[in-house]
Amino acid sequence: MKIHEFQSKAIFAKYGVPIPEGLVATTPDEAGEITRGLGGKSVIKAQVHAGGRGKAGGVRLVSSADEAVDFASQLLGTNLVTAQTGSEGVPVRKILVEETIEVADEFYLAFLVDGSTEGVVAIASSEGGVDIEEVAESSPEKIIRISVDPVLGLQPFQGRKIAYALNIQPDLVRSMSSVLAKLYDVFVSNDCSLVEINPLVITKENKILAVDAKINIDDDALFRHKDLADLLDSEQEDPGETEARKFDINYVKLEGDVGCIVNGAGLAMATMDVVLSGGSKPANFLDIGGGADEEKVANALRIVLMDSDVKLVLINIFGGILRCDVAARGFVQYGKMNPSIMRHMVVRMLGTNADEGRKILSESGLNITLVNDLAGASKAISALL
Ligand code: GDP
Ligand code: MN
């Protein structure tokens with residue numbers, strides 16, 4: 001789950017990670033008021049669940065309360081389109097108004113879960129403020145990675161190692177490694193999947209400050225962080241992803257036009273590969289998850305069809321605990337009740353009660369192509385698109 005920068009910074013403050021002074025505004029007048037309180041200068045930042053705001057015009061330094069009011073009225077109520085959003089962008093309802101910082105140096109710092117080391121990894125770079133993906137591509141030697149032992153946690157020597165690798169002044173090494181330790185604490189204590197500061201700044205006064213803040217929380221841990229779950233701003237999310245969350249369906253919207261409904265995460269990934277290798281593009285990842293019944297199956301279809309890009313739905317069910325006849329009834333029930341939004345379905349069904357499931361589908365009167373294997377599915381998709 002993503003949260004806003006101002007929410008991430010509130011968590012940072014709680015753990016002692018230094019942040020600039022600032023407040024959230026929801027109206028232009030408030031932005032003016034806060035700027036006045038900061039001495040007539042501020043940096044105004046759109047609060048959206050996407051990075052790349054700076055380049056997209058969502059961050060601006062203003063030098064008077066009037067200028068703050070002007071910029072805030074330009075920003076509030078509009079949609080901000082950045083390199084990380086879709087073409088329609090995300091709505092700006094809140095802005096963060098902060099003291100301006102005189103930057104001497106900028107760094108990149110993050111903790112994230114690394115599948116290949118099965119643990120947390122710290123990533124740092126002296127190339128802060130810019131696109132870290134770009135740095136990784138053009139000058140990978142400028143990216144430092146340090147694996148953290150899950151039992152020992154981040155060790156002080158690792159903090160110092162990062163600080164030295166960043167080439168910061170000797171008198172700042174101690175505070176840099178202290179910031180790293182606190183940030184690791186934020187990561188572990190809140191079950192984060194990502195904590196990122198870009199840029200982490202050394203100010204002209206020689207202080208370390210998190211000028212930007214990004215925290216993603218592991219969805220599967222939200223049950224033990226009620227306070228964090230409450231931070232969800234669903235308006236910032238894809239409506240399908242928000243719906244899916246309610247029904248415990250794993251859904252991720254993608255850019256293509258072939259909707260995918262699959263039971264099992266691994267099978268869902270393999271299914272997306274099949275779509276891609278056939279020259280088409282999946283519109284989503286969807287794993288119905290365990291313990292699905294007819295209603296959950298119907299909801300999966302409804303969620304996939306919420307995406308207006310979907311031209312065709314590929315269903316790949318391997319019947320086990322979820323029986324094929326149950327899945328088939330769910331699809332048919334939803335399809336018959338919502339003929340106007342239905343799309344052609346290509347269905348591969350195998351496993352428990354597959355014959356019964358296929359019979360229910362073929363007798364439903366809905367537009368369905370039954371296939372026997374994934375090669376057949378790929379062929380059917382090419383023919384239908
Ligand atoms: P992002 O583009 O969404 O990652 O938003 P950021 O919070 O990183 O802001 C974009 C850029 O604005 C940063 O990389 C900084 O270089 C710059 N910036 C933000 N706040 C300040 C500030 O107070 N002073 C100065 N000089 N630059 C700032
Ligand atoms: Mn940033």
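In this predicted model, a polar side-chain atom of E106 lies 2.7 Å from an oxygen atom of ligand 1. E106 is among the closest of the 18 residues that surround this ligand. Ligand 2 is a manganese ion, coordinated by N198 and D212. D212 also belongs to a network of salt bridges that includes K45 and R53, and those two residues are among the closest to ligand 1.

**Ligand 1**

- The closest surrounding residues are K45, R53, G54, I101 and E106.
- G54 contributes a polar backbone atom, which is 2.8 Å from an oxygen atom of the ligand.
- I101 likewise uses a polar backbone atom, here at 2.9 Å from an oxygen atom of ligand 1.
- For E106 the polar atom belongs to the side chain, and the distance to a ligand oxygen is 2.7 Å.

**Manganese ion (ligand 2)**

- The coordinating atoms are O of N198 and OD of D212, at 2.2 Å.
- N198 sits in strand β10 (residues 192–203), while D212 is in the loop between β11 (208–210) and β12 (214–217); the two residues are 14 apart, and the pair links distant parts of the chain.
- Both N198 and D212 are buried.

**Salt bridges**

- The model has 21 salt bridges.
- One of them joins E98 to K9, with the closest N and O atoms 2.8 Å apart. Because E98 is in strand β6 (residues 95–98) and K9 is in helix α1 (residues 5–15), this bridge ties together parts that are 89 residues apart in sequence.
- E98 and K9 are both buried. They are also members of a salt-bridge network with E5, K45, R53 and D212.
- D191 pairs with R224, again with the closest N and O atoms at 2.8 Å. D191 is in the loop between α6 (170–189) and β10, and R224 is in the loop between β12 and α7 (226–229), so this bridge connects parts 33 residues apart in sequence.
- The two partners of that bridge differ in exposure: D191 has 18% relative accessibility and therefore counts as buried, whereas R224, at 54%, counts as exposed.
- R36 and E33 form a bridge within a single helix, with an N to O distance of 3.0 Å. They are three residues apart in α2 (residues 28–37), so about one helical turn separates them.
- R36 has 48% relative accessibility and so counts as partly exposed; E33 has 48% as well and is also partly exposed.

**Nonpolar cores**

- In soluble globular proteins, nonpolar side chains tend to be buried together.
- The largest nonpolar core here has 41 residues, and F12, F111, I168, M176 and I215 touch the most other members. Helix α6 supplies the largest share of this core, nine residues.
- Beyond its neighbours within four places in sequence, F111 is in contact with V120, V121, A122, V148, L154, L180, L183, Y184, F187, S193, L194 and V195.
- A second, separate core has 36 residues, including I261, L305, A327 and M342.

Notes:
Residues numbered from 1 in each chain as written. Chains lettered and ligands numbered in written order. Predicted model: local features only at pLDDT ≥ 70, side-chain atom pairs only at ≥ 80, totals over all residues. Heavy atoms only, no water. Donors = N, O, S within 2.8 Å, 3.2 Å for Na, K, Ca; no water. Helix = DSSP H or I, 4+ residues; strand = E, 2+ residues; numbered from the N terminus. Buried < 20%, exposed > 50% of the residue type's maximum accessible area, 1.4 Å probe, protein only. Salt bridge = Lys/Arg side-chain N within 4 Å of Asp/Glu carboxyl O. Core = buried A, V, L, I, M, F, W, Y, C linked by side-chain atoms within 4.5 Å. Contact = heavy atoms within 4.5 Å. Near = heavy atom within 4 Å. Polar contact = N/O pair within 3.5 Å; in protein donor to acceptor, adjacent residues only side chain to side chain.
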